[in-house]
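Here is a quick briefing for anyone opening this structure for the first time. Take a look at it below, then read on.

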Amino acid sequence: MAVARRVGQYALVLWAAVTLNFALPHLAPGDPVVYLYGGADQSLDEESLAQIRAGYGLDRPILDQYLSFWSGLLRGDLGLSVQHNRPVAEVLWDKLPWTVALVGVSTLLAFVIGALLGAWAAWRRGTAKETGAVVTVLALDSMPGFWIGMILIAVFSVSLGWFPSYGAAAITATGGEWLVEVASHMVLPMVTLTVAGIGAFFLMTRAAMIGVLEEPFVRLARAKGLSEFRVAVRHALHNALLPVYTTLTLTVGVMLSGAVVVESVFAYPGLGKLIYDAVTARDYPLLQGALLLATVGIVAANLVADLTYPLVDPRVRRTERPEAVRR
């Protein structure tokens, strides 16, 4: 029953998010058909523009477009991209693997680095080293992602020439050479997203670690004569990471929003760059599909975290089944 209730709650959240995804592009100023086909170089008259608009269904009332959007969504049809003149699902499928690889690796690195630094800072609480770590992480966390990316490009691409500054791979690359190209092109965007995401994990782990260090079981472990490293890792950090597990799934949404800016800076061919291009071109169907895909991913990540957290923390299972405790 509890699982069904949570799934129902997330389904309601998904419906509201999908509705907003449909509404927001239509509230943006401009006409995608005029933007793409109404230029002076194409010289299409108003009648031709109206025919194109009707072909994409953009001349119908908003309510009809909304119902048609849901009808197509249930059939797996996200419509036709105005900019690419291809099914939206095909365009998204081409770009999805690039963003999954970039955001997945960046989130994992930010989690590991941020958690370890946060635990180390909490263990060194009250020292100059902890103060320096907090100041450094907060300074990096306050920097916009595009600014970090531009600095990395200026240093490692322009000055040192170590990594490419844009794209994902050379067009002529194949086989193993293609993998090397992809990895080298991904380094700078990945570092940018990682640096931008460390702050949340650092602060959460540090706060949780400080609280755990005051618990009686930590003092008991020290009284037993266990080494400081074992007390820190086996007892304190193990318990401090429990709330950070939830933060990990919530950070996926932050990483995806950051990918829009980072992928645009590096011209990386992922969903973030696709969303930026769709906004620029007023491509409503493509923008709706991309936002829908991102929304489903975020809601699914939070649902998985909500359902699996009792497996990570036994105390949650006990609070959810008080009758079992009483028996």
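Is lysine 273 buried, partly exposed or exposed? Lysine 273 counts as partly exposed, because its relative accessibility is 21% and the buried class ends under 20%. Keep in mind that this is a predicted model. Here's the rest, topic by topic.

**The chain as a whole**

- The chain has 14 helices and 0 strands, so if you read the elements from the N terminus on, you get α-α-α-α-α-α-α-α-α-α-α-α-α-α, with helices defined as DSSP runs.
- There are 327 residues in the chain, and 36% of them count as buried.
- The accessible surface adds up to about 17900 Å², and carbon and sulfur atoms hold 67% of that.
- Take the contacts with a separation of 6 or more: 73% of them are between residues 24 or more positions apart.

**Salt bridges**

- Searching the whole structure turns up 4 salt bridges.
- One of them brings lysine 273 back into the story: its side chain meets that of aspartate 277, at 3.0 Å from N to O.
- Both of these residues sit in helix α11, which covers residues 271-281. They are 4 residues apart, or about one turn of the helix.
- Aspartate 277 counts as partly exposed, with 21% relative accessibility.
- Elsewhere, Arg86, Glu90 and Asp94 are joined into one network by salt bridges that share partners.
- In that network, arginine 86 meets aspartate 94 at 2.8 Å, N to O, and glutamate 90 meets arginine 86 at 3.7 Å, N to O.
- How covered are these three? Arginine 86 is partly exposed at 31% relative accessibility, aspartate 94 is partly exposed at 38%, and glutamate 90 is partly exposed with a relative accessible area of 41%.

**Aromatic pairs**

- The structure holds 3 aromatic pairs.
- One is edge-to-face: the rings of phenylalanine 111 and phenylalanine 201 have centres 5.6 Å apart, and their planes make an angle of 80 degrees. The edge-to-face label applies because the angle is over 60 degrees.
- This pair ties together distant parts of the chain. Phenylalanine 111 belongs to helix α5 (residues 88-123) and phenylalanine 201 to helix α8 (residues 175-213), with their positions 90 residues apart.
- Both rings belong to buried residues: phenylalanine 111 has 19% relative accessibility, while phenylalanine 201 has a relative accessible area of 0%.
- Another pair is tilted: phenylalanine 156 and tryptophan 162 have ring centres 5.8 Å apart and planes at 45 degrees. That angle falls between the stacked limit of 30 degrees and the edge-to-face limit of 60, so the pair gets the tilted label.
- Phenylalanine 156 is partly exposed, with a relative accessible area of 24%, whereas tryptophan 162 counts as exposed at 56% relative accessibility.

**A nonpolar patch on the surface**

- Tryptophan 162 shows up again here: Trp162 is one of the residues in a nonpolar surface patch. The other members are Phe146, Trp147, Met150, Ile151, Val155, Leu160 and Val261.
- Together, the patch residues have about 760 Å² of accessible area.
- Which helix gives the patch its largest share? That's helix α7 (residues 145-159), with 5 residues.
- Phenylalanine 146, a patch member, is found in helix α7. Phenylalanine 146 counts as partly exposed, with a relative accessible area of 40%.

**Serine 157, also in helix α7**

- Helix α7 also contains serine 157.
- Is serine 157 buried or exposed? Serine 157 is buried, because its relative accessible area of 15% is under the 20% cut-off.
- The side chain of serine 157 reaches the backbone oxygen of phenylalanine 163, at a distance of 2.8 Å.
- Leaving out residues up to four places away in sequence, serine 157 touches Leu152, Phe163, Pro164, Ser165 and Leu188. Phe163 is therefore on both lists: it is a contact of serine 157, and its backbone oxygen is the atom that the serine side chain reaches.

Conventions:
Residues are numbered from 1 along each chain as its sequence is written. This is a predicted model: local features need pLDDT of at least 70, side-chain atom pairs count only at pLDDT 80 or more; totals for chains, interfaces and linings use all residues. Side-chain values use heavy atoms; hydrogens and water are left out. Patches are made of residues with over 30% relative accessible area and no salt bridge: like charges are joined within 9 Å, nonpolar side chains (Val, Leu, Ile, Met, Phe, Trp, Tyr) within 5 Å. Accessible areas come from the Shrake-Rupley method with a 1.4 Å probe; for residues, only the protein chains shown count as cover. Helices (H or I, at least four residues) and strands (E, at least two) are DSSP runs, numbered from the N terminus. Buried means under 20% relative accessible area, exposed over 50%, partly exposed in between (1.4 Å probe, protein chains only). A polar contact is a pair of N or O atoms within 3.5 Å; within protein, one must be able to donate a hydrogen and the other to accept it, and residues adjacent in sequence count only if both atoms are side-chain atoms. Contact means heavy atoms within 4.5 Å. Rings of Phe, Tyr and Trp (its six-membered ring) pair if their centres lie within 6.5 Å; planes under 30 degrees apart count as stacked, over 60 as edge-to-face and the rest as tilted.
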